[in-house]
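Biologist: I should like to learn how to read a model such as this one, beginning with a single residue and ending with the fold. Where shall we start?

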Amino acid sequence: MEQRIRIHVLGLSYSQLQSGAYALILAEDRGPRRIPIIIGAAEAQSIAVALEAIHTPRPLTHDLFVSFAHAFGVKLKEVYIYKFEDGIFSSELTFSDGNRTVQIDARTSDAIAIAIRTHTSIFTSKDIIERTGFIIDEEELRRSDDEFIDDDDIEEDAIMQSERDDYHAEPNPEKFTIEELERTLTDLIDKEDYEEAARISEILNRKKEQRDTDNNQA
């Protein structure tokens, strides 16, 4: 049996190779190798919503899929990225209802979006990670680790590294008050602009943490 390597989602960034696309960065558990996967804006939006734990007023397609599976007692056991061919990653989802187990082929972006929502382990083969992964040296890895947060080392500023930066240069959300950020976040969710909502949510959480720290030190 081919050796499997466990990986996790490191973050999202704007793709410099394809306009309107994003790079989903997967990282080897307890290892230096990273796998970049180019995905579309819609899939990036869905993954960003899950990473930032944003509650949308209406369920997205991946949320609906997860709710449907749970309603019928079906559990996602694992996601396996099993093939890389012609620049495309292919994935397999393993489901179980307790009595039988089935494998379903899926686009990797969809598989990852569902895995994040169900807290399911993600694996790939040794061959794929050796062919598509790149290694970060120790100094760069330490610098990279300082830029990532949360249980799965989600990149602190990974969402929205795009042309939106110019658009949001003025006004600067970093200078908003907590109350202004909360209003902005609510408006963005109502407009279903979930990618920008993820960015605002990260700034809001950071400001709240800083406020709590300042209050404790006072």
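Modeller: In this predicted model, let us begin with the surroundings of one serine. Leaving aside residues up to four places away in sequence, Ser125 touches Glu2, Gln3, Tyr80 and Ile81.

Biologist: How far apart are the C-alpha atoms of Ser125 and Tyr80?

Modeller: The separation is 8.1 Å, although the two residues are 45 residues apart along the chain.

Biologist: Is Ser125 buried or exposed?

Modeller: The general idea is to compare the relative accessible area with a cut-off: a residue is buried when the value is under 20%. Ser125 has a relative accessible area of 1%, and is therefore buried. Across the 218 residues of the protein, 45% count as buried.

Biologist: Which backbone atom does the side chain of Ser125 reach?

Modeller: The side chain of Ser125 reaches the backbone nitrogen of Ile128, at 3.1 Å.

Biologist: In which strand does Ser125 lie, and where is that strand in the sheet?

Modeller: Strands of a sheet pair through backbone hydrogen bonds, in a parallel or an antiparallel manner. Ser125 belongs to strand β7, residues 122–125. The sheet is open, has eight strands with mixed pairing, and follows the order β6-β5-β4-β7-β1-β2-β3-β8.

Biologist: Why is one side of β6 and of β8 left without a neighbour in the sheet?

Modeller: β6 (101–107) and β8 (134–135) stand at the edges and have a single partner strand each, so one side of each has no neighbour in the sheet.

Biologist: How many bridges join β1 to β7?

Modeller: Four bridges join β7 to strand β1, residues 4–14, and the two run antiparallel. One of the residue pairs is Arg6 with Phe123, the latter being in β7.

Biologist: Let us turn to the helices. At what angle do α1 and α8 pack?

Modeller: A helix pair is read from its angle, its axis distance and its handedness. Helix α1 (residues 41–51) and helix α8 (residues 194–217) pack at about 35 degrees, with axes 8 Å apart. Their crossing is left-handed. From α1, Ala41, Gln45, Ala48 and Val49 meet Tyr194, Glu195 and Ala198 of α8.

Biologist: What of the protein as a whole?

Modeller: The protein has eight helices and ten strands. Of the contacts between residues at least 6 apart in sequence, 57% join residues at least 24 apart. The exposed area is about 12800 Å², and carbon and sulfur atoms supply 46% of that area.

Terms used:
Residues numbered from 1 in each chain as written. Predicted model: local features only at pLDDT ≥ 70, side-chain atom pairs only at ≥ 80, totals over all residues. Heavy atoms only, no water. Buried < 20%, exposed > 50% of the residue type's maximum accessible area, 1.4 Å probe, protein only. Contact = heavy atoms within 4.5 Å. Areas by Shrake-Rupley, 256 points an atom, 1.4 Å probe, with all protein chains shown as cover. Polar contact = N/O pair within 3.5 Å; in protein donor to acceptor, adjacent residues only side chain to side chain. Pairing = 2+ DSSP bridges. Axes fitted to C-alpha atoms, helices over the stretch in contact; angles between N-to-C directions. Left-handed = near helix turned anticlockwise from the far one by under 90°.
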